[in-house]
Amino acid sequence: VLGLDEVKGPLRTEWQRETLTEVLMARYQANLTTILTTNLDQDGLHDLFGTGLEGERIVSRLNEWAPVLEVEGPDLRGGGHG
C-alpha cells in the first residue's frame, strides 16, 4: 500500500509531474493499492497533471482505478488542539 497525502498543485517542475505520473501509472498497471488524498476536484486534477494527452490519460485512469470518497467535517488544525 502506498499513501500519498495532500497531493495538490501546481507542481513546481516538470520533473515532479513526470515522477508522480510514473509512480501512479506503474502502480495502476500492477494493480497495487494506492491511497491518494487531495482537496482537488476534477478540474484541479487536470491542472495538476496537465491538459495534454498524458494528463488526460492519468486523470482518466485515476477515475477508473480509485473511487472518490468525499470526507467533510470541521478543520481540526490549530485552535489549541493537540
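In the predicted model, Asp 5 counts as exposed because its relative accessibility is 60%, which lies over the 50% cut-off for that class. Asp 5 is located in the loop that runs between β1 (2-4) and α1. Although Asp 5 and Thr 37 are separated by 32 residues in sequence, their C-alpha atoms lie 4.9 Å apart in space. The side chains of these two residues, Asp 5 and Thr 37, are joined by a polar contact of 2.5 Å.

Thr 37 also appears among the contacts of Leu 4. When neighbours within four places in sequence are set aside, Leu 4 is in contact with Leu 20, Leu 24, Ile 35, Leu 36 and Thr 37. Leu 4 belongs to the largest nonpolar core, a set of twelve residues. Leu 20 and Leu 24 are members of this core as well, and its other residues are Val 7, Leu 11, Met 25, Leu 45, Leu 48, Phe 49, Ile 58, Val 59 and Leu 62. Two or more residues of the core are contributed by each of the elements α1 (14-29), α2 (42-49) and α3 (53-65).

Aromatic pairing was examined next. One aromatic pair is found in a search of the whole structure. This pair consists of Tyr 28 and Trp 65 in an edge-to-face arrangement, with 5.9 Å from centre to centre and 85° between the planes. Distant parts of the chain are thereby linked, with Tyr 28 in helix α1 and Trp 65 in helix α3, 37 residues apart. Helices α1 and α3 are also among the elements that give two or more residues to the nonpolar core.

Note on methods: Residues are numbered from 1 along each chain as its sequence is written. This is a predicted model: local features need pLDDT of at least 70, side-chain atom pairs count only at pLDDT 80 or more; totals for chains, interfaces and linings use all residues. Side-chain values use heavy atoms; hydrogens and water are left out. A nonpolar core is a set of buried Ala, Val, Leu, Ile, Met, Phe, Trp, Tyr and Cys residues joined through side-chain atoms within 4.5 Å. Buried means under 20% relative accessible area, exposed over 50%, partly exposed in between (1.4 Å probe, protein chains only). Helices (H or I, at least four residues) and strands (E, at least two) are DSSP runs, numbered from the N terminus. Contact means heavy atoms within 4.5 Å. A polar contact is a pair of N or O atoms within 3.5 Å; within protein, one must be able to donate a hydrogen and the other to accept it, and residues adjacent in sequence count only if both atoms are side-chain atoms. Rings of Phe, Tyr and Trp (its six-membered ring) pair if their centres lie within 6.5 Å; planes under 30 degrees apart count as stacked, over 60 as edge-to-face and the rest as tilted.
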